[in-house]
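Hello,

Here is the structure I promised to pass on to you. Please open it alongside this email, and I will go through what turned up.

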Amino acid sequence: MDQIEIGKFIAKCRKEKKLTQTQLAEKLNITDRAVSKWETGKSMPDSSIMLELCEILGITVNELLSGKKVDMESYEKKADENLIALKRKAENNMKKNVIISILFSTTLLIGIMVCLICNIAISGNLTWSLIPVSSIIFVWVISLPIIILGKRGIIASLLSLSVFIIPYLFLLSNLTKTKAVFSIGTMMSIISILFLWIIVAIFNRIGKSKKLVFLGITFLLAIPFVFIINIILSKMIAEPILDVWDMLTVFILLIFAFVSFICDYNKKKGLIK
């Protein structure tokens, strides 16, 4: 399975169908930059759109993965070869991720050991080191799914964050002997996690095909999030609901949202790539 050859084959089939990269991208609800990356061999079509792509180009998935037209005599053989190549690629990616996760875990473990040794050497027992150690472990638990699974691990990491953030804040509050860490931190984390889950849900619905629209919606949703955070903080620590910096933040978010929607509109009209 040669990615370069597959890219050339996609370009050839597209041209035979008298489609531009932009037209093909519009049919698949993706950017023409993604199509360009396929055709130059820099990336492969996502499995979620592979069937639709093949239907548009008038080829089979087997032919797409082979990078050429396949006659019936060698069809089954090519199918087996492509399945083996895909499995091998997935295994190689998993091995790389496992190696990275081991290096990441080892680095954090060294950090934990350094904190504990320094604390004992200076104080004679474990005191301040428990704060960075607990934080390092928390980061490890949240980050590991993404490191091992890549994009597929985002949901697992967000789920871990949702489950462990409150126990972590409770532990941190006891270690620092500061009740506000738990009370304020819990409220902020619940709102923040809810916001993240909403963003993930929106991305799964529209983000894969309309990334600029998703980006614009994210910026707009961040505005009420800012207001909710400030209202809660104002009640908990007697701070003003809005100040100049908050208004500036809202203004910047509106500008970013406007720019995202304008760019998406211009892409649809073919004014920008």
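**Cysteines and the overall fold**

With a relative accessibility of 16%, C115 falls in the buried class. Please keep in mind that this is a predicted model.

Since you work at the bench, I will begin with the cysteines. How many disulfides does a search of the whole structure find? The search comes back with 0. C115 takes part in no disulfide, and the cysteine sulfur nearest to its own, that of C118, lies 7.1 Å away. For a disulfide, the two sulfur atoms would have to be within 2.5 Å. C13 is unpaired because the closest cysteine sulfur, in C54, is 8.9 Å from its own, too far for a bond. Is C13 buried or exposed? C13 is buried, at a relative accessible area of 2%.

Another residue you may like to look at is E39, which sits in helix 3, spanning residues 32-39. E39 has a relative accessibility of 12%, so this residue counts as buried. Which residues does E39 touch, leaving aside those up to four places away in sequence? They are G7, K8, I10, A11, R14 and Q21.

Now for the chain as a whole. There are 11 helices and 0 strands, so to speak of its pattern along the sequence is to write α-α-α-α-α-α-α-α-α-α-α. The radius of gyration is 25 Å, whereas a compact globule of 273 residues would come out near 19 Å. Along the principal axes, the C-alpha atoms fill a box of roughly 75 × 45 × 25 Å.

As for packing, 33% of the 273 residues count as buried. Among contacts with a separation of 6 or more, 55% join residues 24 or more positions apart. The chain exposes about 17,200 Å², and carbon and sulfur atoms supply 69% of that area.

Finally, a word on confidence. The chain has a mean pLDDT of 84, with 90% of its residues at 70 or more. Where in the chain is confidence lowest, and where is it highest? The low end is helix 5 (residues 61-66), with a mean of 79, and the high end is helix 8 (residues 154-176), at 93.

Happy browsing, and best wishes

How values were computed. Residues are numbered from 1 along each chain as its sequence is written. This is a predicted model: local features need pLDDT of at least 70, side-chain atom pairs count only at pLDDT 80 or more; totals for chains, interfaces and linings use all residues. Side-chain values use heavy atoms; hydrogens and water are left out. Buried means under 20% relative accessible area, exposed over 50%, partly exposed in between (1.4 Å probe, protein chains only). pLDDT is the predictor's confidence in each residue, from 0 to 100. Helices (H or I, at least four residues) and strands (E, at least two) are DSSP runs, numbered from the N terminus. The radius of gyration is taken over C-alpha atoms; the globule rule is 2.2 Å times the number of residues to the power 0.38. Contact means heavy atoms within 4.5 Å. Accessible areas come from the Shrake-Rupley method with a 1.4 Å probe; for residues, only the protein chains shown count as cover.
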